[in-house]
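Here is a walk through one protein chain, from its core out to its loops. Keep the coordinates open as you read.

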Amino acid sequence: MAQKHGQKSSGMKPLGHKHDDHEYIVARQERYIKAWESGTPEEIMEFMDPQELNYSNHGMEKEGLSHSDVKYLFAKNRTYLYDLDMKTETLHGHKHFTAWEWTVTCKAAFGPNGEALKKEEATPTMMKGCTLMWWNDNDKIIRNHEYAQTKIV
């Protein structure tokens, strides 16, 4: 079932020790998810520090990307997805570091040979992953390491 904005996913509940910053990081993460679901790279990039960002997506074999590289990657990849839905499995950390386990379901707008697909022709895909995020005092991501596994559903 898709998570509705304003509803906390069960993964947003603390497991074990509840850090003092838990409610803070949950609210920030919900804003981050909303930016992703908006489909506009500009909203996502509002969370990235323009000078300090070092972004790695190991599943895509992209490492050490700068702010401008990430903006290009997001613009390219986000426009190729239909029906993006993000669900938090777990979220742990504090104001300056979070470990976010997530599940994403979507449909790719292009087939395996690069052919354009209509929404109804696209195959549903699920990704399960974990993103490690380092945040500065301005709530901007300065380092991001993402690990994910994709499968057709």
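Buried means a relative accessible area under 20%, and exposed means over 50%. The model is a predicted one. Start with Tyr-32. Its relative accessible area is 2%, so Tyr-32 is buried.

Tyr-32 belongs to the largest nonpolar core, which has 26 residues. Tyr-32, Met-48, Phe-74, Trp-100 and Ile-141 touch the most other members. Which elements give two or more residues to this core? They are helix H1 (22–38), helix H2 (41–45), helix H3 (67–78), strand E3 (81–94), strand E4 and strand E5 (124–135). H1 provides the largest share, 6 residues.

Trp-100 shows how such a residue is surrounded. Neighbours within four places in sequence are left aside here. Trp-100 is then in contact with Gln-29, Tyr-32 and Ile-33. It also contacts Met-86, Thr-88, Thr-90 and Leu-91. Gly-129, Cys-130, Thr-131 and Met-133 complete the list.

Now look at the rings. The whole structure holds 8 aromatic pairs. One of them joins Tyr-32 and Trp-135 edge-to-face, with 6.5 Å centre to centre and 80 degrees between the planes. The pair links distant parts of the chain: Tyr-32 sits in H1 and Trp-135 in E5, 103 residues apart. Trp-135 has a relative accessible area of 2%, so it is buried. Another edge-to-face pair is formed by Tyr-55 and Phe-74, at 5.5 Å centre to centre and 85 degrees between the planes. Tyr-55 lies in strand E1 and Phe-74 in helix H3, so this pair ties together parts that are 19 residues apart in sequence. Both rings belong to buried residues: Tyr-55 has a relative accessible area of 2%, and Phe-74 has 4%. There is also an aromatic cluster, made of Tyr-32, Phe-47, Trp-100, Trp-102 and Trp-135.

Trp-135 leads on to Thr-98. The side chains of these two residues make a polar contact at 3.1 Å. Thr-98 lies in strand E4, residues 97–108. Is Thr-98 buried or exposed? Its relative accessible area is 0%, so it is buried. Leaving aside neighbours within four places in sequence, Thr-98 is in contact with Ile-25, Arg-28 and Gln-29. Its other contacts are Leu-91, His-92, Gly-93, Thr-131, Leu-132, Met-133 and Trp-135.

Phe-74 leads on to H3. At 1.5 Å a residue, the 12 residues of H3 should span 16 Å, and its end C-alpha atoms are 16 Å apart, so the two values agree. Which residues of H3 are buried? They are His-67, Val-70, Leu-73, Phe-74 and Arg-78. These residues lie on the same side of H3, because they cover an arc of only 125 degrees around the axis. An α-helix has 3.6 residues a turn, so residues three or four places apart point the same way. On the other side of H3, Ser-68 and Tyr-72 are exposed. What covers the buried residues of H3? The cover includes H1, H2, E1 (54–57), E2 (62–65) and E3.

Next, move to the loop between E5 and strand E6 (141–152), where Asn-136 is found. Asn-136 has 10% relative accessibility, so it counts as buried despite its place in a loop. A polar atom of its side chain lies 2.9 Å from the backbone nitrogen of Asn-138. Leaving aside neighbours within four places in sequence, Asn-136 is in contact with Asp-49, Glu-52, His-96 and Ile-142. Asn-138 lies in the loop between E5 and E6. At 60% relative accessibility, Asn-138 counts as exposed. The C-alpha atoms of Asn-138 and His-96 are separated by 9.8 Å, though the residues are 42 apart along the chain.

Finish with the backbone. Most residues other than glycine have a negative phi. Glu-61 is not a glycine, yet its phi is positive, at about 60 degrees. Glu-61 is found in the loop between E1 and E2. Its relative accessible area is 71%, so Glu-61 is exposed. Asp-83 also has a positive phi, near 55 degrees. Asp-83, however, has its place in strand E3. At 41% relative accessibility, Asp-83 counts as partly exposed.

Terms used: Residues are numbered from 1 along each chain as its sequence is written. This is a predicted model: local features need pLDDT of at least 70, side-chain atom pairs count only at pLDDT 80 or more; totals for chains, interfaces and linings use all residues. Side-chain values use heavy atoms; hydrogens and water are left out. Helices (H or I, at least four residues) and strands (E, at least two) are DSSP runs, numbered from the N terminus. Buried means under 20% relative accessible area, exposed over 50%, partly exposed in between (1.4 Å probe, protein chains only). A polar contact is a pair of N or O atoms within 3.5 Å; within protein, one must be able to donate a hydrogen and the other to accept it, and residues adjacent in sequence count only if both atoms are side-chain atoms. Contact means heavy atoms within 4.5 Å. A nonpolar core is a set of buried Ala, Val, Leu, Ile, Met, Phe, Trp, Tyr and Cys residues joined through side-chain atoms within 4.5 Å. The expected span of a helix is 1.5 Å times one less than its number of residues. The arc is that of the directions from the helix axis to the C-beta atoms. Rings of Phe, Tyr and Trp (its six-membered ring) pair if their centres lie within 6.5 Å; planes under 30 degrees apart count as stacked, over 60 as edge-to-face and the rest as tilted.
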